[in-house]
Amino acid sequence: MMQKIIKICTLLFVISIVAKTHASAQNSLDSIIHLQNEVVNDLDSLGGTGTVDVKNIITKGYGTYSLDNLQSFVGGYNGNIWGQAGLVLVDGVPRDASYVRMVEVQSVKVLKSGDAVALYGSNGAKGVILITTKKGQISPIRIDVRANSGLYVPKYYPKYLGAADYMTLYNEASKNDGIAEKYTQEQIYNTSVGVNPYKYPDIGFFNSKYLKKSYNKSDLTAEVYGGSESARYYTNIGLAYNNDILRYGYANKNNNVAMNLRANVDMNLSKWLSVSTSAVANFNNNYDGRGDFWGASATLRPNWFSPLIPLDMLDLDNPNLQMIVDHSNHLIDGKYLLGGTSTDQTNAFSDMLAAGYVKTKTRTFMFDVNAKADLGTMLKGLSFNAAYSMDYNDIYAEGYKLDYAVYEPQWTTYDGKDIIGGLTKYNNDKNSTNEYIGQTTYSQTSSMRAQFDYVNKFGKVNNVSATLLGWGYKTRYSNDEGHGGSTYQPTINTNLGLQMGYDYAQRYYFNFAGSMIHSAKLAPGHRNGFSPSFTLGWKISDEDFFKNSINFINYLKITAAYSDLKQDLDISDYYLYQGAFNNEGGWYQWRDGVAGGWTTGSTRGENLDLTFIDRKEYRVGLDAGLFNNMITLDANYFVQNTNGLLTQGASTLFPSYFSNWDFSFLPYLNYNEDRRSGLDFSVKVNKKIGNVYTSLGFSGLIYASQAMHRDEIYDNSYQDRAGRPLDAYWGYISEGFFQNEDEISSHATQSFGTVKPGDIKYKDVNNDGVIDSRDQVDLGHNGWAAAPFTFGLNLTLKWKNLTLFVLGSGNSGAIGFKNSSYYWVNGAAKYSDVVWGRWTEATKNTATYPRLTTTASSNNFQNSTFWLYKTNRFNLSRVQLTYDFDKSVFKQGFVRGLSVYFKGDDLLVFSKEHKMMETNIGSAPQYRFYNFGFKISF
């Protein structure tokens with residue numbers, strides 16, 4: 001592997017040297033090759049897009065992820081685009097955004113509307129994100145070095161009850177159920193005073209024994225760039241390292257090391273031919289000690305067992321115990337054996353101490369080459385652009401794993417002291433000196449693109465443009481789980497696109513875009529489709545009647561668009577148009593039940609007319625500049641109908657006897673319809689107040705969705721999904737707690753198990769005397785795609801050489817349920833601090849939590865208004881203070897510039913439920929990140 005790294009580094013270095021040598025030949029105006037549809041004059045843009053100048057932003061707000069805090073800049077984006085996941089293209093190639101660091105990025109463009117993505121075929125039908133990496137520039141050689149180091153500090157840990165409190169309340173739960181108490185008062189007392197923590201354990205996870213107060217992340221980046229009109233080069237080399245918050249056992253060594261290399265070269269080979277190429281190599285080495293510490297923290301009861309068994313408490317007169325000690329491979333610190341029980345023969349603590357580790361290695365190599373030919377000698381304004389790329393991604397794990405024994409002690413008392421008189425052993429210690437190869441995953445993506453572009457002007461006012469584009473890519477996957485099995489299935493996408501545009505005097509605009517797509521997911525005869533889009537634009541501010549009557553509006557343009565995009569993204573698999581059978585169609589008996597077997601049965605009917613899903617969209621847009629462009633506004637209102645979504649038609653389209661529990665003759669049909677609508681906007685205000693330059697950006701999305709058509713039958717119309725939001729949360733209406741048996745007997749029967757006083761009472765919505773699924777109602781939006789209102793802001797305050805940069809984002813109008821294991825405490829599960837508000841006879845009028853029970857308590861743990869909360873929040877995502885040293889300090893020296901900065905990420909959440917929102921259950925905590933960094937230019 002080291003030889004591969006050396007070869008890649010050498011290749012990148014040679015590319016840079018060749019480019020620098022070529023660049024020294026000439027020194028004139030720059031000429032940049034732009035990839036497909038990446039650069040459009042903002043004055044001539046017809047809306048439905050949002051552009052972020054990342055290269056400028058990183059000078060005042062450093063980040064690592066290429067799409068870092070995009071919601072703070074682009075209206076309509078909040079991790080997805082208008083409520084749907086988009087296609088990511090890096091320099092025109094389908095790639096994972098995580099493969100690119102923010103420092104490598106020139107700009108990010110978000111294509112939201114149907115007319116903006118029409119050229120990108122089926123895979124772009126839900127939106128496209130274009131990431132453009134940095135290019136070289138006409139200048140002598142420049143070197144920028146950036147270094148960062150910071151600390152991740154946990155926000156909150158869950159609060160669970162200690163062992164004594166747990167046992168006390170579990171006894172209460174037993175009493176509520178009419179069964180004997182499990183724990184004696186002696187056990188509870190001895191636990192509470194810590195008489196013997198090995199016999200009376202009280203396991204706490206979130207303390208200094210297992211966790212650090214913070215952990216570190218550092219990175220170093222060097223950028224080398226420059227060139228001439230003949231050639232420009234850009235090289236980026238980055239290193240990053242972080243450790244982990246865990247400090248116990250093998251996990252104390254947890255770390256991640258990453259190395260990134262990029263070389264971009266642009267060359268003009270002649271007056272009519274230019275080429276560009278880029279090569280990227282990413283190396284990532286991750287070390288993780290075994291053991292699910294965070295998962296165990298949410299499930300392991302505090303009194304269950306002691307993770308360690310002290311040797312000094314063993315009965316040394318027992319030769320069997322001494323033999324166990326002598327033959328153990330895992331004497332922790334020479335003082336302890338590993339503890340466990342028959343049900344915990346492996347556990348998180350023992351795993352972390354003895355089971356070993358996993359080293360995961362990720363290697364990514366990306367290469368692309370582009371050529372652009374000016375064919376103006378054949379036809380004025382004509383050019384040809386072709387590109388080819390090849391990406392490799394390889395992930396493999398090297399594991400070291402040991403089987404180990406755990407012991408359960410039998411305690412006795414001798415001379416008034418607790419000693420361990422016996423040990424029950426589970427499992428065996430095993431030896432290994434070898435690492436082994438675990439899971440390996442490999443993917444290869446090749447992409448090709450060819451396009452003709454035509455741009456010309458006729459007379460002084462007639463501007464025309466056209467693009468004919470052919471584009472496609474293939475991705476092959478190979479996955480080996482370490483068991484000898486492997487899959488190798490390619491994913492292929494191709495499309496042919498055409499765009500034609502016309503404007504008159506940059507005042508009246510018309511644009512047509514369309515793509516011919518192909519899908520192997522559909523039956524022959526239905527595999528091709530055409531996606532057209534039409535856009536009109538009018539720059540009203542150029543009209544004389546407008547100029548002469550309205551002075552405060554400097555710029556105003558309105559657009560209207562219609563798109564009809566075909567896509568197969570929502571067709572989940574291949575061959576769904578074909579009927580299918582399996583060998584588990586049903587169990588049949590013969591010979592009077594003596595014999596039997598599975599028979600072949602149908603699982604799906606045939607539908608050779610299955611076709612594409614349609615995205616039909618209407619959009620109206622507005623761009624404006626006000627008060628000498630002090631205020632700029634971009635807004636789009638859209639209505640998007642997604643027609644022909646698949647269903648198997650089990651409710652209304654076919655008789656019920658076409659399907660039962662063990663077979664189905666129902667085919668997939670294009671039947672369901674969804675609607676998404678909303679208004680996205682971005683407003684920016686630039687103003688100099690005294691000596692302070694101020695820039696404030698506010699962006700947002702007002703969003704609604706609706707299921708327009710569903711194959712469904714419900715007894716009551718209020719449960720119909722059609723007409724409801726796509727992200728509707730369904731649940732019961734809580735009417736508080738049952739206070740006594742009389743209330744229970746006079747109320748509708750609740751069908752979720754035994755009900756007692758202190759249990760949640762639900763509303764009988766349909767008045768049929770039974771509480772069941774027919775009483776569920778729409779309780780609100782869950783916001784899984786987009787809350788009814790999402791927003792972001794960015795603020796820049798610059799005074800002399802000091803810059804303050806602030807990012808924020810938020811949402812409102814959605815709901816969630818407190819239904820994690822932290823709140824839904826059932827059976828013998830671990831108790832969190834919320835159970836202190838439990839219902840008892842003494843607290844029946846003030847209780848905030850149902851009665852405790854040792855059963856599953858399925859009645860209480862249903863999604864209902866009792867557990868409902870509003871997810872409204874505002875996130876203070878980043879605050880950075882930067883000082884740029886005046887260039888006069890360096891005069892004519894080797895150093896051209898120096899900036900230092902302090903920043904904090906994910907600092908605060910403003911919400912009524914902020915502690916809950918910032919607390920993770922069963923996983924690593926959320927962190928605040930405090931960072932110091934500097935950038936020096938040579």
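These questions and answers cover cores, a sheet, a helix pair and one loop residue in a predicted model.

Local features need pLDDT of at least 70, side-chain atom pairs count only at pLDDT 80 or more, and totals for chains, interfaces and linings use all residues. Residues are numbered from 1 along each chain as its sequence is written, and side-chain values use heavy atoms, without hydrogens and water.

Me: Which helix gives the most residues to the largest nonpolar core?
Reply: A nonpolar core is a set of buried Ala, Val, Leu, Ile, Met, Phe, Trp, Tyr and Cys residues joined through side-chain atoms within 4.5 Å. This one holds 39 residues. Helices (H or I, at least four residues) and strands (E, at least two) are DSSP runs, numbered from the N terminus. Suppliers of at least two residues include strand E36 (777-781) and helix H11 (914-917), but the most, six residues, come from H4.

Me: Which residues does Val835 touch, not counting those up to four places away in sequence?
Reply: Val835 is among the core members that touch the most others. Contact means heavy atoms within 4.5 Å. The partners are Leu161, Leu169, Val825, Tyr849 and Leu852.

Me: How are H4 and H5 oriented, roughly parallel or roughly antiparallel?
Reply: Axes are lines fitted to C-alpha atoms, for helices over the stretch in contact, and angles run from 0 to 180 degrees between N-to-C directions. The axes of H4 and H5 (residues 185-193) come within 8 Å and cross at roughly 155 degrees. Angles under 35 degrees count as roughly parallel, over 145 as roughly antiparallel, 65 to 115 as roughly perpendicular and the rest as oblique. So H4 and H5 are roughly antiparallel.

Me: Which strands stand at the edges of the open sheet?
Reply: Two strands pair if DSSP finds at least two bridges between them. Five strands run in the order E1-E4-E5-E2-E3, with mixed pairing. Each edge strand has a single partner, so one side is left without a neighbour in the sheet; the edges are E1 (49-52) and E3 (93-94).

Me: Which residue in E5 stands opposite Lys109?
Reply: E4 (residues 105-111) and E5 (residues 128-133) pair in the antiparallel sense over six bridges. Opposite Lys109 stands Leu130.

Me: Is Leu666 buried or exposed?
Reply: Leu666 lies in the loop between strands E28 (663-664) and E29 (669-689). Among the residues it touches are Arg604, Phe654 and Phe658. Buried means under 20% relative accessible area, exposed over 50%, partly exposed in between (1.4 Å probe, protein chains only). At 3%, Leu666 is buried.
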